[in-house]
Protein chains: 2
Amino acid sequence: MNRMTGPSGAQSVDRALLLLRLVGPRGEDGASLVDLVTASGLEKPTVRRLLMALMRSRLIEQDPATRHYHLGEECYVLGALASPRHGLLEIAADAVARLARDSGDTAFVTMRRGSFAICLHRQEGSYPIRTHALTAGAQHPLGVGAGSLAMLAALPDAEVEAVLADISPHLPADYPDYAPHILRADIERTRARGHALNPGRIVAGSWGIGVALRRGDGTVAGALSLAAVESRMQPPREAELAALLAREAAEVETRLRRERP
Amino acid sequence: MNRMTGPSGAQSVDRALLLLRLVGPRGEDGASLVDLVTASGLEKPTVRRLLMALMRSRLIEQDPATRHYHLGEECYVLGALASPRHGLLEIAADAVARLARDSGDTAFVTMRRGSFAICLHRQEGSYPIRTHALTAGAQHPLGVGAGSLAMLAALPDAEVEAVLADISPHLPADYPDYAPHILRADIERTRARGHALNPGRIVAGSWGIGVALRRGDGTVAGALSLAAVESRMQPPREAELAALLAREAAEVETRLRRERP
DNA sequence: GTCATCCGGTTCATATGGTGGACCTCAACT
DNA sequence: AGTTGAGGTCCACCATATGAACCGGATGAC
């Protein structure tokens, strides 16, 4: 039985790369075999065979003690080779460091990944109360979270609709406080204000503020954002943080244009 | 007909990842379909189907104008997620920048990739005559080139023999000036001197000098190296460059220990 | 102008290689 | 010493990858 819209050919490659994407966000702890079986929906022998193939290429490595699977050296090598073309973190790293230092809160760089946003890097500030709602490698649908919403609002309307159509099925189950009509209103407010605000919509009390990063041609490269407890993101501090973000976003956008005109 | 030692299962995954590794070093120009057919030894439809699978996962992208294939955004994302575990470039970037600035020559960070060395990053110095014998993504067998030889010489003898056995078949065809007995002598000299020297063995007139980087547990993390024209690497300058390298290597090794004790 | 060549890309009958239910082994708890 | 759940493997079956032959376009030689 053929899926009409399904991928054609090399299915095991798709499955292997699905596993790779599942291991990515697991961070320091890695992923166990059953984790991956559950998350992927594949059978155990299949997962194991694919992991062995990924391990042969060093894209995945297995901790001999815990038996957990982690991203391998080859992922890092490929990333280094891809960075002249796609490197956002290299370009934005200084800006994120300044954001964390100047605000005292936690700063993030986020990239678009299809209809989702993925957090590339997280830099903690000095303020003692820190939200851990967003960690490196975590991904949410576009519009869910401050940096993520900033990117969605920066897309042309046609693309916004395509993204909403893509993510709508997932929203109710995973993000009860979100729905397409709420996202559309969020986009309006974001465009009017010039920055995106997440008023504790994912984790109560954990607020976020973000701005999009655009390339020279106007396309969205990613977003910068800050997270803090609710009390640190009320007016007038919200406006101060927005100004900080705008300043750093301008700096990053200048560097983006310089790199790839 | 089964290969006795061959990989078992998920062959198309191996082939897809072979293509990924072939696209990596092509840098800015990318790779054409025929390039990849030739380099991989696979049939054209097979290569195309695997590339389409890689493109579905955004590990590869195709330039619509040139039709050439490049590393995709997903490679970069995976690299960013793997860098807390494997990030050598982040740790060594400042040291490489100082090396290029202080010496005026071109500086490199290299990593081990099985029996080969792969160049992660290249930083040009101010001196107007620059060798382009080594670029980011290029790989040579361990022992071929200065940084590469520094790594080989830093391995335990048993591992050196395993590497030599692995690469010996390839040497005569691709590197006429190298052979196992020459590499063994090079290793001796490197261990005695404390640094590796490549006296224009790959490209005449293009000399290199390198030192290994060791982790806290003594294993080899990579190498730092410098390349210059022959006249800039004679005594006493050779000793000066070796001292520069030793200083920066010590700095990097300190940071390596701090990151992952 | 046309014939030859090379490139990127696709088709479809064939058979290779991937799949997954059943199974093994080991360690940690009852 | 029995039970659970983890990691890992086996092998008969049939879904899926393979590759010779093909298309269509671009370039260029004469």
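Biologist: Hi! Where does Ala10(A) come up against DNA strand D?

Modeller: At a phosphate: a polar backbone atom of Ala10(A) is 3.2 Å from a phosphate oxygen of DNA strand D. Keep in mind that this is a predicted model.

Biologist: Thanks! And what does Gln11(A) do with a phosphate oxygen there?

Modeller: Gln11(A) also uses its backbone, with an N or O atom 2.5 Å from a phosphate oxygen of DNA strand D. For a side chain, look at Arg48(A), where an N or O atom sits 3.0 Å from a phosphate oxygen of that strand.

Biologist: Which elements form the surface near DNA strand D?

Modeller: Four elements give two or more residues each. Chain A offers helix H1 (11–23), helix H2 (33–40) and helix H3 (44–56), and chain B adds its own helix H3 (44–56).

Biologist: How many residues surround DNA strand D, and which are the closest?

Modeller: 18 residues surround DNA strand D, and the closest are Gln11(A), Lys44(A), Arg67(A), Tyr69(A) and Arg15(B). Among the atoms of the strand that come within 4 Å of the protein, sugar and phosphate make up 62%.

Biologist: What kinds of residues are on that surface?

Modeller: They divide into six nonpolar, six polar and six charged.

Biologist: OK, over to DNA strand C. Which residues are closest there?

Modeller: Arg15(A), Gln11(B), Lys44(B), Arg67(B) and Tyr69(B) are the closest of the 18 residues around DNA strand C. For this strand, 60% of the atoms within 4 Å of the protein belong to sugar or phosphate, and the rest belong to bases.

Biologist: You mentioned bases. What does Lys44(B) meet on DNA strand C?

Modeller: A base oxygen, which lies 2.7 Å from a polar side-chain atom of Lys44(B). Gln62(B), by contrast, has a side-chain N or O atom 2.9 Å from a phosphate oxygen of DNA strand C. Leu33(B) also meets a phosphate oxygen of that strand, through a backbone N or O atom at 3.5 Å.

Biologist: And which elements give two or more residues to that surface?

Modeller: On chain B they are helix H1 (11–23), helix H2 (33–40) and H3, and chain A contributes its H3.

Biologist: New topic: how many residues does each chain put into the contact between chain A and chain B?

Modeller: Chain A gives 52 residues and chain B gives 51. Together the chains bury about 4,200 Å², with 63% of that on carbon and sulfur atoms. On the chain A side, Arg56(A), Tyr76(A) and Leu81(A) lose the most area to chain B, together 17% of what that side buries.

Biologist: Arg56(A) sounds interesting. What does its side chain meet?

Modeller: Asp14(B), in a salt bridge with N to O at 2.3 Å. The two chains share six salt bridges, and 19 residue pairs between them are in polar contact.

Biologist: Which element of chain A gives the largest share of the side touching chain B?

Modeller: H4(A), with 13 residues. By class, the side of chain A that touches chain B has 26 nonpolar, 13 polar and 13 charged residues.

Biologist: Last one! How is chain A divided into domains?

Modeller: Into domain 1 (11–77) and domain 2 (87–259). Their C-alpha centres lie 29 Å apart.

Conventions:
Residues are numbered from 1 along each chain as its sequence is written. Chains are lettered from A and ligands numbered from 1 in the order in which they are written. This is a predicted model: local features need pLDDT of at least 70, side-chain atom pairs count only at pLDDT 80 or more; totals for chains, interfaces and linings use all residues. Side-chain values use heavy atoms; hydrogens and water are left out. A residue is near a molecule or strand if one of its heavy atoms lies within 4 Å of it. A polar contact is a pair of N or O atoms within 3.5 Å; within protein, one must be able to donate a hydrogen and the other to accept it, and residues adjacent in sequence count only if both atoms are side-chain atoms. Ala, Val, Leu, Ile, Met, Phe, Trp, Tyr, Cys and Pro count as nonpolar, Asp, Glu, Lys and Arg as charged, and the others, Gly among them, as polar. Contact means heavy atoms within 4.5 Å. Buried area is the accessible area (1.4 Å probe) that two parts lose on being put together, summed over both. A salt bridge is a side-chain nitrogen of Lys or Arg within 4 Å of a carboxyl oxygen of Asp or Glu. Domain bounds come from an automatic or database domain assignment.
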